[in-house]
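Good morning, and thank you for making time for this presentation. I shall go through one structure, beginning inside it and working along selected elements.

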Amino acid sequence: MSTVLPGSDRLLRRTLGERRIALVAWRLLVLQNADPTVAAGLAEFSTYRAHPWRRVEHTMDSGKRLFFSDREGLDREIARLERTHRRIHGTDREGRSFTALEPAVRVWVLVTLYESMTAMAELSGAPLSPAQRDQLYAEFRSVCDAFGLPAELFPPTAADVPAYMDRTVRERLEYTEAAHDLLFQMLRQAPAPRRLGRLRPAWPLLRPVIARMLTALTLADLPPAFRERFGLRRSRGAAVLSWTLHRGGRHVMTRLPDRLRYRRRMTGDDPARQEAVAADHGTRGTRGTGGTARAGWVPRPRRSDPGTARRARVETFFRQVLDQTGDGYLAAADLQAMAHNVCWQLELPEDREALVYAGFDAWWQQIRTSMDTDGDGRVSLAEFTTGVLAGIDQDPAYLHKGLHPALRALFRAADTDGSGYLGADEYRVLFGGSRVHPAELNHGFRQLDADGDGQITEDEFVAAFTAYFTARGDTAAGAQLLGRP
């Protein structure tokens, strides 16, 4: 089957681009993460617990690149995914070896996406006809063929997909920790999504309500074979909620104009994206850009004891930047996740991506060898803080041996146009996240941008980090990298 990317008028893009696909998104994630290989990779390498919304955004962005771009964009995204998955391998808690490049696993992840599109139609009370299923599956397979996976692993036709799903549920899937977390834990602990804007303060009140509704909806929508095998019960209330949301969503969405019914295509030839990119790049070299990012509440400055300021900054850096998995420890996966996030945001080519990973791997090796005092293969907050402060005090070249090479690789990756400068938006790409408020990042950037020209050089970038870790007090500009002390 040859790869012919479907156009914007095709059924695949219309179905996948409709906003109500979000109603089956959590169901899709549960099915995918019930595969033991996917779950093992998630447990060892993912930051989904600490950064759940970033994980969702990455998944959505990857879908856009795969199904809404041209052939060049598709090939580029597949190559990027393969480089990422090549790094995900190991041994799970049951002693089984796993690799994210296993063809059967990759086919499962892809097929569940097609199955979720058909489930969306069925749950809404307007199931696709056999002819529509055939058309959707043919368009879907035309994209999947670009992955180069064995054709015999895919269901031969759309009519074979239900049997494939039932067989995989019975023979391969497990009630993994990741699947349980998605159903019952993750949302109850998740930080506020960045898009909440002014509603962020209300998140502690909204979170339990949203979590209960999403759990009920997902349990109601999961395939019966899945619920039966793992003893998951669909309550009467959950069934009513599912019926109301899916059917109500269909009736509302089908009456909306296309600009509201469908998500905007964010592809390389999309004028809206070009304008956004141009605006981002245009901030470089413009005075005052440090304050042009998201407006909103600015956290109140914190007072710190000069005697403990440096230790407090090191601990903050550990919690807000380094501990990507949110488990209170540093391991190779945390540094790899930092590199992955940077490379993902910037869509780096393979050679530049490799430099970022190499820089962070070298930094992790220094952290591990100098700080892992109990030899358990990970570094606690106490070990990290003690190790950094002692290393700096005892060896003037300490930061040059680990942190500085990683920083220079980071800077050069973020400097996408090779100008030798970082603008405010590039700075936020590097350090933004749910645990650092955007307004604080703007403040940190302005502190480094002493002349107000909207840009930071590589040497200024490295010097600022040096000051962050070495300054005794909080007055140095570099001490405010992540915001007010």
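Let me begin with F67. Leaving aside neighbours within four places in sequence, F67 is in contact with L12, R13, L16, L113, F140 and V143. F67 and F140 appear again, together with F226, as the residues with the most contacts inside the largest nonpolar core, which has 61 residues. The element that gives the most to this core is helix 6, residues 103-123, with nine residues. There is also a second, separate core of 49 residues, and V356, F384, V462 and F465 are included in it. In soluble globular proteins, nonpolar side chains tend to be buried together.

I should say at this point that the model is a predicted one. The chain has 485 residues, of which buried residues make up 49%. It contains 23 helices and six strands. If we take the contacts between residues at least 6 apart in sequence, 72% of them join residues at least 24 apart.

I turn now to helix 9, residues 177-189. How far apart are the end C-alpha atoms of this helix? Helix 9 has 13 residues, and its end C-alpha atoms are only 15 Å apart, whereas a straight helix would reach 18 Å at 1.5 Å a residue. Helix 9 also has a kink of about 55 degrees, centred on L183.

L183 therefore deserves a closer look, and its relative accessibility is 1%, so it counts as buried under the 20% cut-off. Not counting residues up to four places away in sequence, L183 touches W26, V30, Y175, R188, T215, T218, L219, L222 and L232. For one of these, W26, the separation along the chain is 157 residues, yet the C-alpha atoms of L183 and W26 are separated by 8.4 Å.

L183 has buried companions in helix 9, namely A178, A179, D181, L182, M186 and L187. What covers the buried residues of this helix includes helix 2 (25-33), helix 3 (36-45), helix 4 (52-67) and helix 10 (203-221).

Helix 10 gives us a second case for the span calculation. Its 19 residues should span 27 Å at 1.5 Å a residue, and because its end C-alpha atoms are 26 Å apart, the two values agree. The buried residues of helix 10 are W203, A211, L214, T215, L217, T218, L219, A220 and D221. They pack against helix 2, helix 4, helix 6, helix 9, helix 11 (224-230) and helix 12 (236-253).

From helix 12, I would pick out L241. Leaving aside neighbours within four places in sequence, L241 is in contact with M213, A216 and L217. The C-alpha atoms of L241 and L214 are separated by 9.8 Å, with their positions 27 residues apart along the chain.

Next, the aromatic residues. How many aromatic pairs does a search of the whole structure find? The search finds 15. Take F317 and Y468: their ring centres are 5.8 Å apart and their planes lie at 55 degrees, so this pair is tilted. The pair links distant parts of the chain, with F317 in helix 15 (residues 309-322) and Y468 in helix 23 (residues 458-470), 151 residues apart. Both F317 and Y468 are buried. Ring pairs also extend the picture, linking F317, F411, F461, F465, Y468 and F469 into a cluster. One of these, F465, we met earlier as part of the second core.

Two cysteines are worth a brief remark. C144 counts as buried, at 1% relative accessibility. C343 is buried as well, with a relative accessible area of 2%. A disulfide is a covalent bond between the sulfur atoms of two cysteines. A search of the whole structure finds zero disulfides.

My last residue is D92, in the loop between strand 1 (89-91) and strand 2 (97-99). Is D92 buried or exposed? At 14% relative accessibility it counts as buried, because the cut-off is under 20%. Leaving aside neighbours within four places in sequence, D92 is in contact with A40 and F98. Of these two, A40 falls within helix 3 (36-45), and F98 within strand 2 (97-99).

To close, I would return to helix 9, with its kink of about 55 degrees centred on L183. Thank you; I welcome your comments.

Notes:
Residues are numbered from 1 along each chain as its sequence is written. This is a predicted model: local features need pLDDT of at least 70, side-chain atom pairs count only at pLDDT 80 or more; totals for chains, interfaces and linings use all residues. Side-chain values use heavy atoms; hydrogens and water are left out. A nonpolar core is a set of buried Ala, Val, Leu, Ile, Met, Phe, Trp, Tyr and Cys residues joined through side-chain atoms within 4.5 Å. Buried means under 20% relative accessible area, exposed over 50%, partly exposed in between (1.4 Å probe, protein chains only). Helices (H or I, at least four residues) and strands (E, at least two) are DSSP runs, numbered from the N terminus. Contact means heavy atoms within 4.5 Å. The expected span of a helix is 1.5 Å times one less than its number of residues. The bend at a residue is the angle between axes fitted to the seven residues ending there and the seven starting there. A disulfide is a pair of cysteine sulfur atoms within 2.5 Å. Rings of Phe, Tyr and Trp (its six-membered ring) pair if their centres lie within 6.5 Å; planes under 30 degrees apart count as stacked, over 60 as edge-to-face and the rest as tilted.
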